Amino acid sequence: MFTRRSWIGLWLGAAAALAQPAEPLDPSLAIRFQLPPDAPVAVVGKDLGDSRIQARGGALVLDLRATVTLRNNSTHNIRGLTLVVLAQEMAPGGKGSVAAPSLNVAPGGSFPVRVNLRLLRPLPVPVGPLVEVGLDGVLFADFGFFGPNRLESRRTLTAWEMEARRDRQHLKAVLEADGPEALRQQLLASLKRQSDRPRLDVQVSRGARALSAAVNALIGHNVAFAFLKIPDSPIEPLSGGAVVNGAEASSPRIEVANRSHRPIRYFEVGWVVRDSAGREFLAGTLPAAAGLDLRPGRIASTLQDRSYKFIRPQEAPPSIAGLTGFVSQVEFADGGLWIPSRKALEHHSSLFRLLPVSPEEQRLAELYRTQGLQALIKELGKF
Amino acid sequence: MSWVLGRHPGEHDVALFAGGELGPLGRWRIEGHLEGCARCRQAVAEFFELRSRVIDLGELPAIDWIDLADRIHRRAETARERPRPVVRWRPAWAGAAALVLLVAAGWYVNRTLQATPVVVSLDGSAGAVELRVGNGQILTLLHDAQKETPVSWRVSAGAVSARYLDAGTGQITVNHVYAP
């Protein structure tokens, strides 16, 4: 039987469900930017645009549209930056980040970063801001790094910068060898590749869905990975597979061997899903487990206690028929990073078609699209 | 108002506060109290949780509580008047008992497994990357990509990201959400 307290709660719930949106509150109180005092960047401007925060029923809805302007206070050019976004009452460890790769900000220069987020949290309103934005890392042109690096921003920003140098080098080589018209063809091909790239929405889960992985083990079937050989890769994938049930793949596992002469502390294997109609999609990457210490010649395996559910927008869910893996990134214990060469990627034309272009190639292609070939050539000349 | 600063607020006031229905003065006073009172914070949280279940409760079929109570009474009376059979042990019962025990154990294990995990999911879709825990939306990072430019997703075991050319800044921007 309901207690008196329960009845009050029920009455309140009904009242809250019928409640109309309240008057907007001040969104500037909902967000706080907090950078370390010795950070190489400083906040010099904040614009909350049409951000809104409203109480609706028993919850608070924060729709944040913030643009923060940062100034480079260091003596080096900034190539990339990651801001960490923490929301109050978030599940422990859960967080977000906003990164800006492909920058080239000189000392004293300023640049904007946009933080667009939506947050729904139950009332009562907590004391203090709902969202805190801090710094996770800044990468400089000399690969120097500043920041707490809690989100492994050093590795991510460094990989983007290496891809940027690789792709600029490629475009410069085309320009030098075959002239502006060849460069134009490269950019047109890049824009086409970006627009034609097949896309899947994906949901990564653990917990109850991971429990369903056990069920999948009964009703699903094992699909083994086929591996693409990437020249010069420091690691060699040996075997792997996942339990597949319709559009869902669970517990992917991969075994690799270190073929280099240096210890490895991290690697990523990209994976491609092929559906029953023969169409292929880039599914994502399978990272090595934390704390890896893979010595030369040794073997390690990575097993992800996750389920990946693929959704094709406005179409029936794909039925997974095959999996293909390829080594996409390796980090050595000394901090050195390996990424596939442009030549190696282009060699696997079907893979190259599926991979997203690098952030820098996307930026340069957009520059060509909006400002033309001469603007692009001028931009390449800055590096 | 049935309390003063320093004393615990009444149940009515806590419930009203949890529902956002309390007036500004009462709200201010309760907030002050909650800062130093874990017990009342817990009470507010319980009220909020209770209210969030109202929609589910609203889907229950209508029940005639009086009729139900009558039927329970009648069954209890009938059972009391019926003579109790003499219990004798039979070997065949051992198998039945084992079966019952097995079913009960299976039910318990299944119930425990279902109750323990909370689904943590990372979603990448047309307009956002999102972290969810259970059915609750925890954090959604929206992308405002320039028209005619594609958005690239990247999915790994612990994070989902969307890379796009920001309409406001013209810069490449990458939003990530990370699983706890």
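## Strand β6 of chain B

A residue is buried if 20 or more other C-beta atoms lie within 10 Å of its own. By that yardstick, in this predicted model, strand β6 of chain B (residues 172-178) is mostly covered, with seven of its seven residues buried. In a regular strand, side chains alternate between the two faces of the sheet. Here B:I172, B:V174, B:H176 and B:Y178 point one way from β6(B), while B:T173, B:N175 and B:V177 point the other way, and all are buried.

What does β6(B) pair with? Within its own chain, β6(B) runs antiparallel to strand β5 (residues 159-165) of chain B, joined to it by seven bridges. B:L165, for instance, has B:I172 as its bridge partner. β5(B) and β6(B) form a hairpin with six residues between them, and B:G170 in that turn has a positive phi of about 75 degrees. Across the chain boundary, five bridges join β6(B) to strand β6 (residues 95-100) of chain A, again an antiparallel pairing. In that pairing, A:S97 stands opposite B:H176.

## From A:S97 into the core of chain A

A:S97 also turns up among the contacts of A:L83. Leaving aside neighbours within four places in sequence, A:L83 is in contact with A:S97, A:V98, A:V113, A:V115, A:V133, A:G134, A:L135 and A:D136. The largest nonpolar core holds 89 residues, and A:L83, A:V115, A:V131 and A:A283 touch the most other members. So A:L83 and A:V115 are both on that list and also touch one another.

## The two chains overall

Chain A comes to eight helices and 19 strands, and buried residues make up 41% of its 383 residues. Looking at contacts in chain A with a separation of 6 or more, 70% are between residues 24 or more positions apart.

Chain B has six helices and six strands. Along the sequence, they follow the pattern α-α-α-α-α-α-β-β-β-β-β-β. Of its 180 residues, 29% count as buried, and residues 24 or more positions apart account for 37% of the contacts with a separation of 6 or more. Helix α1 (residues 11-18) of chain B has six of its eight residues buried, so it is largely enclosed by the rest of the structure. The buried ones are B:D13, B:V14, B:A15, B:L16, B:F17 and B:A18.

## Two helix pairs in chain A

Now for some helix packing. Helix α2 (residues 153-178) and helix α3 (residues 180-196) of chain A have axes that come within 7 Å and cross at roughly 145 degrees. On the α2(A) side, A:L171, A:V174, A:L175 and A:D178 meet A:P180, A:A182, A:L183 and A:Q186 in α3(A). By class, that contact has six nonpolar, one polar and one charged residues.

Helix α7 (residues 359-371) of chain A packs with α8(A) at an angle of about 145 degrees, with the axes 7 Å apart. There, A:L364, A:L367, A:Y368 and A:Q371 in α7(A) meet A:L373, A:A375, A:L376 and A:E379 in α8(A). The class count is six nonpolar, one polar and one charged residues. A:E379 lies in helix α8 (residues 373-380), and, not counting residues up to four places away in sequence, it touches A:L364 and A:L367. Is A:E379 buried or exposed? Neither quite fits: A:E379 counts as partly exposed because it has 17 C-beta neighbours inside 10 Å.

## Two odd phi angles

Most residues other than glycine have a negative phi. A:S102 goes against that, with a positive phi of about 55 degrees although it is not a glycine. A:S102 is found in the loop between β6 and β7 of chain A, and it is buried because 21 other C-beta atoms lie within 10 Å.

A:N149 isn't a glycine either, and has a positive phi of about 60 degrees. A:N149 sits in the loop between β9 and α2 of chain A. With 15 other C-beta atoms within 10 Å, A:N149 is partly exposed.

## How far to trust chain A

Chain A averages a pLDDT of 86, and 88% of the residues score at least 70. Where is confidence in chain A lowest and highest? The low end is helix α1 (residues 4-18), at a mean of 45, and the high end is strand β9 (residues 145-146), at 97. Over residues 1-23 of chain A, pLDDT stays under 50, and the model has 35 contacts beyond four places in sequence for that stretch.

Notes
Residues are numbered from 1 along each chain as its sequence is written. Chains are lettered from A and ligands numbered from 1 in the order in which they are written. This is a predicted model: local features need pLDDT of at least 70, side-chain atom pairs count only at pLDDT 80 or more; totals for chains, interfaces and linings use all residues. Helices (H or I, at least four residues) and strands (E, at least two) are DSSP runs, numbered from the N terminus. A residue is buried if 20 or more other C-beta atoms lie within 10 Å of its own, exposed if 12 or fewer, and partly exposed in between; C-beta atoms are placed from the backbone. Two residues are in contact if their C-beta atoms, placed from the backbone, lie within 7 Å. A nonpolar core is a set of buried Ala, Val, Leu, Ile, Met, Phe, Trp, Tyr and Cys residues joined through C-beta atoms within 7 Å. Axes are lines fitted to C-alpha atoms, for helices over the stretch in contact, and angles run from 0 to 180 degrees between N-to-C directions. Ala, Val, Leu, Ile, Met, Phe, Trp, Tyr, Cys and Pro count as nonpolar, Asp, Glu, Lys and Arg as charged, and the others, Gly among them, as polar. pLDDT is the predictor's confidence in each residue, from 0 to 100. Two strands pair if DSSP finds at least two bridges between them.
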